[in-house]
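Visitor: Could you take me through this structure?
Guide: Certainly; please have it open beside you.

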Amino acid sequence: MEFIIIHQQAQPYIAHIQLNRPKELNALNLQLMQELRDTLKALDEDDQVRVIIISGNDKAFAAGADIKQMAGKTAIDMYNVDQFSTWDTIKKIKKPLIAAVSGFALGGGCELAMLCDMIVASESARFGQPEIRIGVMPGAGGTQRLTRAVGKALAMEMVLTGRFITAEAALQAGLINKIVPVELYLTEAFRLAAEIAQLSPLAVKMAKESVLRAFDSTLEEGLHFERKNFYLLFASEDQKEGMQAFMEKRPPVFTGK
Ligand code: HXC
């Protein structure tokens, strides 16, 4: 891997991927996205991993797709490269993804953070969809996920002006989960990950899938989907263990079976 670092597992069941093109503020070129996709796919299949954290560095989570790589492209080049197939694969990752964001999360960087399931931010985080300022518009979900997260008014303002918003504004708008001082955003992401990692991984995956279904379905379809997953979890050993442990007044030990 050239543009991402897979950190040695510091805590059980938690994997940490760092985007690593610091000189370019982690601009997401095609190779970085392919490396990220391949790594996430492998981690999704690894029983020793239950939660995945994606971070950049203190200055930038990612300042967007690589403008220099895109600048000379034609529409047909873009069509043939089909860069969004990597994004489609990342969307299918079943394990929870936590974005640990400090500094710039712009354009594709903001979209990548929003593709994650939760966002922990440092006080210096800045979110924006500035594509309009370079003559294009968001292409990896910015007009859709941002609007669902923050509502029409703020999404329109961000997408049509390209303005950035602060971590505080992002929290108020419901885009992110938590703000902490810069020196603590990774610690906080690990704390959140650890809380989830001790739960039943099967229940966590199905719960994630069900919450995401809320964005793609009618209420009736979503409720139906939720109910099927709820029933399905009664086929798991973790359901037996979780309920038994409750009745025996002891902490459960979940195995993912
Ligand atoms: C390529 C980038 C880049 C990007 C920064 N750099 N963003 N290179 N693509 N998206 C490079 C700069 O060219 C520069 O390298 C180095 O990173 C440092 O950036 P500076 O601009 O010197 O830093 P600063 O003055 O602190 O400004 C930071 C910034 C600015 C406000 C984040 O860099 C910026 O506006 N970047 C572009 C943000 C953007 O428009 N993102 C949306 C991209 S389109 P050199 O070598 O030149 O000094 C997009 C479409 C998504 O994301 C579609 C789906 C994937």
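Guide: The conversation below covers the domains, the ligand shell and one helix pair. Please note that this is a predicted model.

Visitor: What does the domain assignment of the chain give?
Guide: The assignment gives domain 1, spanning 4–197, and domain 2, spanning 201–247. Their C-alpha centres lie 26 Å apart.

Visitor: And how many residues of each are in contact?
Guide: Seven residues of domain 1 are in contact with six residues of domain 2. On the side of domain 1 that touches domain 2, five residues are charged, two are nonpolar and none is polar.

Visitor: Moving to the ligand, which residues come nearest?
Guide: Ala27, Gly64, Gly107, Gly108 and Ala140 come nearest, out of 19 residues around the ligand. By class, that shell has eleven nonpolar, four polar and four charged residues.

Visitor: Which elements each supply at least two residues of the shell?
Guide: Helix H2 (67–70) and strand S6 (104–106) each do so.

Visitor: Now the helices: at what angle do H5 and H6 pack?
Guide: Helix H5 (residues 108–115) packs against helix H6 (residues 142–150) at about 55°, and their axes are 10 Å apart. That angle makes H5 oblique to H6. The crossing of H5 past H6 is left-handed.

Visitor: Which residues meet there?
Guide: From H5, Cys110, Glu111 and Met114 meet Gly142, Arg145, Leu146 and Ala149 of H6. By class, this contact has four nonpolar residues, two charged and one polar.

Note on methods: Residues are numbered from 1 along each chain as its sequence is written. This is a predicted model: local features need pLDDT of at least 70, side-chain atom pairs count only at pLDDT 80 or more; totals for chains, interfaces and linings use all residues. Axes are lines fitted to C-alpha atoms, for helices over the stretch in contact, and angles run from 0 to 180 degrees between N-to-C directions. Helices (H or I, at least four residues) and strands (E, at least two) are DSSP runs, numbered from the N terminus. Angles under 35 degrees count as roughly parallel, over 145 as roughly antiparallel, 65 to 115 as roughly perpendicular and the rest as oblique. A crossing is left-handed if the near helix is turned anticlockwise from the far one by less than a right angle, and right-handed if clockwise. Two residues are in contact if their C-beta atoms, placed from the backbone, lie within 7 Å. Ala, Val, Leu, Ile, Met, Phe, Trp, Tyr, Cys and Pro count as nonpolar, Asp, Glu, Lys and Arg as charged, and the others, Gly among them, as polar. Domain bounds come from an automatic or database domain assignment. A residue is near a molecule or strand if its C-beta atom, placed from the backbone, lies within 6 Å of it.
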